[in-house]
Amino acid sequence: MAKEAINNQSVGNRNQFFDFEKKQCKDSKATVILKEREIYTTESQTLEEDDPTAHATIHAIRKTRLKERKFLLNDYEIELSKKPCDMCLLAIYQSGIKNIYYTEKETKKHILLTPKILKKAYTIWEF
Ligand SMILES: [Zn+2]
């Protein structure tokens, strides 16, 4: 009985996670910027590429790296139409991008992505 309850709790949490993710990155748009110059703009490609990881942020980072022939995008910024999900937030961090701009409730917000902010985001799912 106790084991079943734990399993049900686990499934509930997983569903909650996916709902959370859909709200954040579904139908999102991303633009990578270098010194106020638009380098690459894209939308989520999850359906087109049949790839659940092809959120706009991930796609924009991959395409910008190829276009600019750079491994890291340290000097670049990213502008998103929605708050990034956990996967995208970590991808942005791994790419070297520090400044994230996104729109939430018609307000433009900024995140300076530091290791401390990343840890906080993963700890309480908010930043
Ligand atoms: Zn995402």
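Two strands are taken to pair if DSSP finds at least two bridges between them. By that criterion, this predicted model contains an open sheet of 5 strands in the order β2-β1-β3-β4-β5, and the pairing is mixed. At the edges stand β2 (37–43) and β5 (107–112); each has a single partner strand, so one side of each is left without a neighbour in the sheet. From one strand to the next, the twist averages 20°.

The sheet belongs to a chain with 4 helices and 5 strands. Followed along the sequence, these elements give the pattern α-β-β-α-β-α-β-β-α. Of the 127 residues, 26% count as buried. Among the contacts in the chain with a separation of 6 or more, 44% come from residues 24 or more positions apart.

Within the sheet, two pairings illustrate its mixed character. β1 and β2 run antiparallel and are joined by 6 bridges; in this pair, Ile33 stands opposite Glu38 in β2. β3 (residues 77–80) and β4 (residues 99–104), by contrast, run parallel and are joined by 4 bridges. Here Glu79 is the residue opposite Tyr101 in β4.

The antiparallel pair deserves attention for its turn. β1 and β2 form a hairpin with 2 residues between them. Lys35 lies in the loop between these strands and has a positive phi of about 50°, although it is not a glycine. Glu36 is found in the loop between β1 and β2 as well, and its phi is also positive, at about 65°, although it too is not a glycine. The background to these values is that most residues other than glycine have a negative phi. What are the surroundings of Lys35 and Glu36, buried or exposed? Lys35 is exposed, because 8 other C-beta atoms lie within 10 Å and the limit for that class is 12 or fewer. Glu36 counts as exposed because it has 6 C-beta neighbours inside 10 Å.

Helix α2 (residues 56–68) packs on the sheet, where it touches β1 (29–34), β2 and β3; its direction makes about 135° with that of β2. The helix has 13 residues and reaches 18 Å from its first C-alpha to its last, close to the 18 Å expected at 1.5 Å a residue. Its buried residues are Ala56, Thr57, Ile58, His59, Ala60, Ile61 and Thr64, and what covers them includes β1, β2, β3 and α3. Just after α2, Arg69 takes a positive phi of about 55°.

Ala60 shows this packing at the level of one residue. It is located in helix α2 and is buried because 31 other C-beta atoms lie within 10 Å, where 20 or more suffice. Leaving out residues up to four places away in sequence, Ala60 touches Ala30, Thr31, Val32, Tyr40, Thr42 and Ile78. With Tyr40 the separation along the chain is 20 residues, yet the C-alpha atoms of Ala60 and Tyr40 are 6.3 Å apart.

Helix α3 also has a buried side. Its buried residues are Cys88, Leu89, Ala91, Ile92 and Ser95. Seen down the axis of α3, these residues fall within an arc of 165°, so they line one face of the helix. Gly96 follows α3 and has a positive phi, near 100°.

The helices and the sheet come together in the interior. In soluble globular proteins, nonpolar side chains tend to be buried together. The largest nonpolar core of this model has 22 residues, and those with the most contacts inside it are Val32, Ala60, Ile78, Cys88, Ile92, Ile97 and Ile100. Two or more residues of this core come from each of β1, α2, β3, α3 (86–95) and β4. Ile100 can serve as an example from this list: apart from its neighbours within four places in sequence, Ile100 is in contact with Ile78, Leu80, Pro84, Ile92, Ile111 and Leu113. Two of the residues it contacts, Ile78 and Ile92, are themselves among those with the most contacts inside the core.

Definitions and conventions
Residues numbered from 1 in each chain as written. Predicted model: local features only at pLDDT ≥ 70, side-chain atom pairs only at ≥ 80, totals over all residues. Axes fitted to C-alpha atoms, helices over the stretch in contact; angles between N-to-C directions. Contact = placed C-beta atoms within 7 Å. Core = buried A, V, L, I, M, F, W, Y, C linked by C-beta atoms within 7 Å. Expected span 1.5 Å × (residues − 1). Arc of directions from axis to C-beta.
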